[in-house]
Structures are given as C-alpha cells and as structure tokens.
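Visitor: I have a structure open and would like to learn how to read it. Could you walk me through it?

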Amino acid sequence: MKFRGGYSIAMAGCPAAEVEVAAMPRRLLLPLRTPTLYFSQLHVTDGQHVARGQVLARDAALHGVPLLAPCSGMVEIEALPGHLVLTSLHRCGIDDRHGLASDEPALAVDEPLHISREYGSSGMLRYKLLSLGAWQYMRDSLSGLVAAPFDVPQAVIVSVLNTEPFVARGDVQLSVDTPLAAKPGGVHHNMLTHFTRGLEHLQSLLEYQPIYLVLPKGSSQLGEQVREAVRGYAFIKTVEIPQKYPLDNFAVLARALGLKLRGQAAVWGLRTEGVLAVDRALTVAQPVDRRLVAIGGPAVLEPRHVSLLPGYPLRELLKGRVDESRGPVRIISGGLLTGRAVGQWPLQGQDSEVGLDSETSGLTLVYEQKEREFLSFMRPGGDRRSYSRCFLSALRRPPPEGLTTGLRGERRACVTCGYCEELCPSGLMPHMIHKLLFQQELEEAARLRLDLCISCGLCSYVCPSKIELAEEFRRAREAFEEEQRAEQELKAGEAAE
Amino acid sequence: MKMLKRSLEMVRPQFEKGGLLHKAYPLFEATENFFFGPSSRAAVAPFARDPLDLKRLMSMVIVALLPVVALAVYFFGLRVLAVILVSYAVGGVVEVVFAILRKEEINEGFLVTGLLFPLILPPGLPLWMVAVGVAFGVLVGKELFGGTGRNVFNPALVGRIFLALSYPAAMARDSWIKPAAEFPGRLLEYASVQTVDAVTSATPLGAARQGEMADLWSLLWGNVAGSIGETSALAIIAGGLLLIISRVASWRIVVGVLGSFLATEALLYMALGQSIPGPAWQLMAGGILFGAFFMATDPVTSPATSGGKWAYAVIIGVSTVLIRHLTGYVEGVMFAILLGNIAAPLLDAMALNLRLRRLANEG
C-alpha cells in the first residue's frame, strides 16, 4: 500500500489508556443534531416514560437511523432547545460490573416481513443492527455518512486505528474488560473475543466481499494480539499502515487499497467501537448505550478515556477536569483537526447546557490564545513543534506541545512553499486550488480534483501564510455540488418537457 | 517590554480610524506585529496551527545569508553595510507606500529582497545606483504584480538586470574591488572605488577568458573579485544547507540546478578539448552557487509542482553554462534564472496535466 502525505501533530495531553466510568448524571441531554445526523422525526411525546433502547427519534432523511434512549426515564421535549431531555433516570447498569449482556433481557426487535422477503437473512441482520443503534457506526467511506443499510458494498474496511488527536483509540476500546469497568494494561482477552465475533457477524452480512482489517505497522501489542485473534479467518485481509494522521481515514484507505469509490458500489468503513456494537446487537440483542470518549488536550488536567452514556451533560463531565489557570479553554467535540467547537470553558449562556451527542468519541480541550509574545518570531523555539525545521526543536525532540488556539502568524498571500502539497493525504495541490478559487475559477479547481479532498485539515494546519485552506475547500465543494445538482435538475426538467 | 507595549498603545489612536495618521496604519501594524506575536485565534478547524509563519520563514533566509554578509564585509569593507542599508531603506519605502496605497499589510518579503539585492551587486557600485536599482526591482518586479506571492520574476534580479542594462560600465568594469588579502581584512575600512588602491580587478570568470585562472582555494574562501555576496563558496554553501535542512528552500531546485550545471560543464569541457576551466572550478566561480541556493529557490517565482521544479532547475543550470561559454557575457546565472521564472508557469501547467492524468485513475 502506498500512502501520500500525512503528519502526526504532537500535542500535549494525550489521553491515557485508563478508562474511568463517569458517574450517573441527574439527567441526559440528547442532542437532536450530531455532525452527520439530524433526528427530525420524534417518536415520543412530552412527559412520556421510555425504556432503555426505545426509539426516541429518527433521522428521516438518512435511512431512519434511530436515536435510542440510553437509559429508562421520562422524556422532556421542550426543556432545552435542540435536545431531548431524559429525566428521572433509572440507574440502569451503572453499578453493574458484571457486564450487561447476561443480566438484561434481549430487546425484542420486530421483524418486518417485507425486509426478510426482499433482502433475505442478511437484510434481517442489517435491520436488527439499524434498530439497535449499531448501524450508526457503519460509514460510507466516500461521504463519511451512515451507509445505506440495504446496499451491497464492494468491500468493508475495519480500522482499529484512530490517529486524530484526540479521539477514543482502538487499543483502549479493546482494553476494557466490559463496557463498564476499566482495566489498563493491554488488550483484554474478553474484548478481543467480542471483537472477533463482531467481525464474524459482519461477514454474515456480506456475500463474498472482502473485509480489510487495518492494523498499525510495526510491532505493537494491539497489532500482534488482534492479528493472532483473527488468524485463520479467511474472509479477513489484514493490512498494516503507518500511524500517521489521517491515513486511517476510510477514503484514504480505500484509495490506497485500489478501490474505486466513484460510480461504483460503496466501500463501508467501521471502527473498533462499531465492530463491538455489531457484536452486541447480533449476539445478545442489546443496544449500544455506553460510549468511550477520550478527553484530552493541553488544557485537561488528567487526560484519559471516560465511559459514559450519550447525552451526558458537558458541564458535569468537564467539571474538575479543566485547567483553568491559563484563562478560557476552547472545547472541541471530536479531534483537533476535524472537530467542531462546542463552547468555551467556563461554559456560559447558550453553551452552558449541552449534551454529548451519540457520535462524539473525543473531547479536545485547548487553551485560548491570549498573550502576545514579545519578539515571537525571533525566539529559538526549542519547544515549538513544527513541520518545517525552522525552530530549534528540529535539533532535539521536545515533548508534545501545549498548543493554543492561536493562528501564530498573520494572514498573508500564498508564497507557494509547498508544505500543504507535501502533507496532503489525497495527493492534491492545495496551493494551486487556493489560487484558482481566489480567482473564482470553481470549474478549474474541480478539475484539480477538489472532490478528492477529505477535509483532514492538515493544509490549514501547516500553512505559514495562515490561509484557511480546508474551510475554503469545504465551501467550494459544497458550492460545486450545489451547482451540479442544479444543472442536473435543469437537464431533468428539459428532458421532461 | 512593558514600556514598549504602553507606548504602542499610546500612539495607536493616531493610526486608527479618524486618527491623524490613519493612512499609515500598515506601518503601525507592522511595527506592532514585529514586536508582539499576533493574538488572532483559529476560528474554524483545525483549532491549532503550526508555529511557522511568514516572518519566521523569511527570517531563516536572512539568517542563512549572515555568513555571506560577514565574509563580504571582511573582504570588501564596511561600505557593504552601507549598500545593504540603502537597499533596505529605499526598498522599504517602496513597500510601505504600496502597502498604504493597496490598504494591505506590509509584507515580510521585502526583508529578503532588500538583502538579496545588494549581495548580487558589485561592491564598488555608487550608492545612488543601488537605490535606483532596488526601487525599480521592488516596484516593477513585485509591487506592480500585486506584492509578495503574486510576482512572476525575482524582484532582486529584476533590479539587477535593470542596472546591468542601464549602467553597463558601472555594473561590470568600474565597480569591482580587489578583496582584502590578509587578516583583518577590511573590517574597519570603508573601501570605495576612490579609496582602494587596487580599484578594478576582473572577476575570476572574466580573467579566465584572458587565460588567468584563480586557484580553487581562493574561490572557496572568497578572496576574489566579484559581486558582494557571490565570492565565498564556503559561506554560500553553509547558508544554503541551512535553508535546505530547515525545509525553507527546495532541495530539488538546488540539486537540479547544480547537477545539470556540472553535467553540462563536464560535457563542454570534454567537447572543447579541455581548453576551458573544469566543472569544479566553474561551480565555484561566479554566481552559480549563490543563484542556485538563494535566487532560484524563491518559492514564489519557481514552479510549484515538483516535476516543474526539476525542469526549471535544469533550464537554469544548462542555460547558465550556455550563456557563460557561447555568448559575450562572462556570467549567465542572472539571465538563466529569469528564463526559468518565465518558464515556471508553463512548466507548472505541464506537470499539473501529468499529475491530473495520474489522479484521474484514482478515487
């Protein structure tokens, strides 16, 4: 496999492998919008009591992906804008350290006849995954959205890597011995069994399509144990990749594997938590309620992984975890490069009441830039980690840097230094696309394969002229797609006449 | 430092909207940002950024040029500093005026141009010519194209070519100064054409045409006549390597220029039956090293694609040799780089089409 570009940002505050179980909150705030889903269709009424695993709402536009109740309780619809609030929570499973599977009854999933008739047994399994909230993890590698459940993919990519700083890592997910209890010190045998059984279930959804299992290159405990566990599984093809951001991106992996994404059957992508969710849904018919969330970044006091229920209130979760000594802290849901800012600590006003959505796998906390450093550009920079070797840090490897939200320079015209091109994992030339977009040449920019951009953000990160390349490209891609859609509609309209 | 901050805050209202000096705001902004790193924050993802900015990038070039400047002062005297000062002052004024006219920030690019330009001039050149040259170079070579990042030609080269065509005698014959031979050099001497005992001595390349060969060690150390910054191969290589190691300059261009230069020289050397100096001597003499490390690698005026960079480098390397041996000029780097600048957009377009053909089969 051949990869282009990629770069690992050394940021302080890497979450430790230990897992902490978050205390049961008083209420859960379930956001109706996640980065890729919008649960627009409500299935509950205000004041209704719901059971664990009950459908609260669905994303009507995206295969009816459900929002499940992580816990039994009472629904409040109007209590918080953009959220469903769950109160009077039943203390489900929190003190239960012996695993949920054996103690709790399997959820009955109705079996619609037309699905089994149309798609057979594999269709029924997929329907079960969708109903139990496990399908949410299955992603189309081209769009990054939830995959169409009843499609036939050309391949499935399973990755145990998560290279972005900081989101929950695969090795940590496999090191907890139940979804509840923490057990540092390597991959847990129990979890590995769940993982391999998940892979078997995955195979039963497919006909002959290959499953690529992505492992870290070089010797690592995770790699070795997983490799050992899947030995003899003929349907799994293991591939090893360097642990460099964002080479674990499904679109990048698909291209490196030589899979065509455009105009062909979809390539599905699934990470560790997804495989575990599949196992849980199909082995014990349980919904996935708990999530493992990495809390990391320079502004976190004790960076670690936390096991919690979706809808966990952000304020309660972060209380006592944020280093407040250096002023306000930016809270990023997701990783540093592709996450979105959800507020500033201390939380105030509108941001103060938000819940973690069911897609969050990491919170990254970074200090807000405040001070203006005296003669900043002349400093030797022994602690500044840079892709270029323009700082003293090039001579000695300093510890990961305590990054802030600062741009660290003034915005300037592009000087074609070429760093963006060197880091681009899609093999694009961001500087050229930028110049074309600057001249409003959308068509020309599209000819330079703007569509291959995966929005990894490395070009913006490294640009010495501080140009917002990734943001610019995202907007241009949207504009171009919009244009094409309008064109197609026009053509369709003409054809109809 | 606190005092500086306070005084900046004190004069700030004068430069802001409604203030007396509002038009000169870019000047205030540049001063402030020079002393204090910016406080702007990343509003969109990624939420942190690499520490490198354009100021640092340009500073690296200046640091890399320090050995060259130091040896130039040693060989040619304190007047070198005066030449640099004039170049910075006049170039700076042009840059500031244009920043004000365009209502843009003052760009760091002129810090590099202002230093590169004097280093490619003969040491005895009258100061007013330095001023005219740098003004022309910055104005026509850069500002008229829209400023740093948008220029097609290397502004320092544009200025030098303007001078070479306008004042050929002063640029070629009358302004060479014989370098100091013994320690402590001319470190305490303001050596101008009027004061130095040995006013003119031909550059090694010129002398070689008359059959006089400077020895290789002098070329390496730099005690030969020539442009201010081009004589010491040692200092140029030291600074140049810093640029390559720090990823500021493209190694492809340097390797391409020097490699193709050496290959062509070697071919010619053998073809002409060894009647000309050999490739190693040619490499050390004249401006090829300085051109390859500091002028050709200007990221703005060189191609952006790596394929384009190789082709551009070969054009420069080969045409330098051809101009040196087959035309009336003894030195050809200047024109060769200009030729490369002209070809750069075309080379980029060609390399781009190749790249797109490769990408077309993907994704």
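Visitor: Let's start with a small piece of sheet. How many bridges join strand S3 of chain A to S5(A), and do they run parallel or antiparallel?

Guide: Happy to help, and please keep in mind that this is a predicted model. Two bridges link S3(A), residues 41-42, with S5(A), and the pair is antiparallel. To see the register, look for A:Leu42, which sits opposite A:Ala57 of S5(A).

Visitor: Which strand do four bridges join to S5(A)?

Guide: That is S6(A), residues 65-68, again running antiparallel to S5(A). A:Ala57 is a handy landmark here as well, since it stands opposite A:Leu67 in S6(A).

Visitor: What do S5(A) and S6(A) form, and how many residues lie between them?

Guide: They make a hairpin, with five residues between the two strands. In the turn, look at A:His63, which has a positive phi of about 55°.

Visitor: Is S5(A) mostly covered or uncovered?

Guide: A general idea helps first: in a regular strand, side chains alternate between the two faces of the sheet. As for S5(A), residues 55-59, the strand is mostly covered, with four of its five residues buried.

Visitor: Now to the interior. Which residues touch the most other members of the largest nonpolar core?

Guide: The general idea is that nonpolar side chains tend to be buried together in soluble globular proteins. Here the largest nonpolar core has 228 residues, and A:Val158, A:Val214 and A:Ile433 touch the most other members. The largest share of this core, 15 residues, is supplied by H3(B).

Visitor: What is A:Val214 in contact with, beyond its neighbours within four places in sequence?

Guide: Its contacts include A:Ile157, A:Val158, A:Val160 and A:Leu161, along with A:Val239, A:Ile241 and A:Leu253. A:Ser159 and A:Asp248 are also among them.

Visitor: How many residues of each chain are in contact across the two chains?

Guide: 44 residues of chain B are in contact with 63 residues of chain A. On the chain B side, H2 (25-35), H3 (54-76) and H16 (333-360) each supply at least two residues. H3(B) gives the most, with six residues. By class, that side of chain B has 22 nonpolar, 12 polar and 10 charged residues.

Visitor: Stepping back, how many helices and strands does chain A have, and why can chain A be called as compact as a globular protein of its length?

Guide: Chain A has 12 helices and 18 strands. Its radius of gyration is 23 Å, close to the 23 Å that the globule rule gives for 497 residues, so chain A is as compact as a globular protein of that length. Buried residues make up 49% of the 497 residues in chain A.

Notes:
Residues numbered from 1 in each chain as written. Chains lettered and ligands numbered in written order. Predicted model: local features only at pLDDT ≥ 70, side-chain atom pairs only at ≥ 80, totals over all residues. Rg over C-alpha atoms; globule rule 2.2 N^0.38 Å. Buried ≥ 20, exposed ≤ 12 C-beta atoms within 10 Å, placed from the backbone. Contact = placed C-beta atoms within 7 Å. Nonpolar A, V, L, I, M, F, W, Y, C, P; charged D, E, K, R; others polar. Core = buried A, V, L, I, M, F, W, Y, C linked by C-beta atoms within 7 Å. Pairing = 2+ DSSP bridges.
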